[in-house]
Amino acid sequence: MINKTYIYALVDPRDNKIRYVGKANNPKGRYKNHINPSRDKNTHKRNWLNLVRSLGYKPELLILDHVDIKEWRFWEIFYIDLFKSYGFELVNHTIGGDGASYGNQTSYKKGMIPHNKGEIG
């Protein structure tokens, strides 16, 4: 039984800024899902990932924390709020903690206006 899980970030290699915060029991596997171009289309996160890839880069995976599985929602919300308070332009759509089984629930849906005023990249 898994007692711990990871809070991770995706970092834009062009400026080393965090753009996405998530939770995963297997961060490397989740990272592969993120960079797979056929996954979760029409989201703000996917638009950002596609832009980074089109320029010949891949986002970097950064492990932020290793937390108790019962507390992951608190810590995901904490880190999303923390990085937004620092001015990072996250592509997360929600405050976090909504569930790991729906990969694009925390990313902007097509047509929604992100907090960073429509910037795609």
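What joins the side chains of Asp12 and Arg14? The answer is a polar contact of 2.6 Å. Keep in mind that this is a predicted model. The tour below starts with the sheet, moves on to the helices that pack on it, and then stops at a few residues.

**The sheet**

- Three strands make up an open sheet in the order 2-1-3, and their pairing is antiparallel.
- Strand 2 (17–24) and strand 3 (60–68) sit at the edges, each pairing on one side only.
- On average, neighbouring strands of this sheet are turned by 25° against each other, if you ignore direction.
- Strand 1 and strand 3 run antiparallel and are joined by eight bridges.
- Two of the residue pairings here are Tyr6, which stands opposite His66 in strand 3, and Leu10, whose bridge partner in strand 3 is Leu61.
- On the other side, seven bridges link strand 1 to strand 2, again antiparallel.
- Strand 1 is mostly covered, with seven of its nine residues buried.
- As a bit of background, side chains in a regular strand alternate between the two faces of the sheet.

**Helices on the sheet**

Two helices pack on these strands, so here is the sheet order once more: 2-1-3.

- Helix 2 (residues 44–54) packs on the sheet and touches strand 1 and strand 2, with its direction at about 55° to that of strand 1.
- Helix 3 (residues 72–85) packs on the sheet too, touching strand 1, strand 2 and strand 3, and its direction makes about 175° with that of strand 2.

**Asp12, Arg14 and the hairpin**

- Asp12 belongs to strand 1 (residues 4–12), and its bridge partner in strand 2 is Lys17.
- Searching the whole structure turns up one salt bridge, and the side chains of Asp12 and Arg14 meet in a salt bridge at 2.6 Å, N to O.
- In general, side chains of opposite charge can pair when their charged atoms come close.
- Asp12 has a relative accessible area of 2%, so it counts as buried, the cut-off being under 20%.
- Arg14, at 35%, is partly exposed because its value lies between 20% and 50%.
- Setting aside neighbours within four places in sequence, Asp12 is in contact with Lys17, Arg19, Trp48 and Val52.
- The hairpin of strand 1 and strand 2 has four residues between the strands, and there Asn16 takes a positive phi near 60°.

**His34 in helix 1**

- You'll find His34 in helix 1 (residues 27–35).
- Is His34 buried or exposed? His34 is buried, since its relative accessible area is 1% and anything under 20% qualifies.
- The His34 side chain makes a polar contact with the Tyr8 side chain, at 2.6 Å.
- Not counting residues up to four places away in sequence, His34 touches Tyr8, Leu10, Tyr20, Lys45, Arg46 and Leu49.

**Glu60 in strand 3**

- Glu60 has its place in strand 3.
- With 39% relative accessibility, Glu60 counts as partly exposed.
- Glu60 and Ala9 are 51 residues apart along the chain, yet their C-alpha atoms are separated by 8.1 Å.
- Leaving out neighbours within four places in sequence, the contacts of Glu60 are Ala9, Leu10, Val11, Pro13, Asn16 and Tyr31.

Methods
Residues are numbered from 1 along each chain as its sequence is written. This is a predicted model: local features need pLDDT of at least 70, side-chain atom pairs count only at pLDDT 80 or more; totals for chains, interfaces and linings use all residues. Side-chain values use heavy atoms; hydrogens and water are left out. Buried means under 20% relative accessible area, exposed over 50%, partly exposed in between (1.4 Å probe, protein chains only). A polar contact is a pair of N or O atoms within 3.5 Å; within protein, one must be able to donate a hydrogen and the other to accept it, and residues adjacent in sequence count only if both atoms are side-chain atoms. Contact means heavy atoms within 4.5 Å. A salt bridge is a side-chain nitrogen of Lys or Arg within 4 Å of a carboxyl oxygen of Asp or Glu. Two strands pair if DSSP finds at least two bridges between them. Axes are lines fitted to C-alpha atoms, for helices over the stretch in contact, and angles run from 0 to 180 degrees between N-to-C directions.
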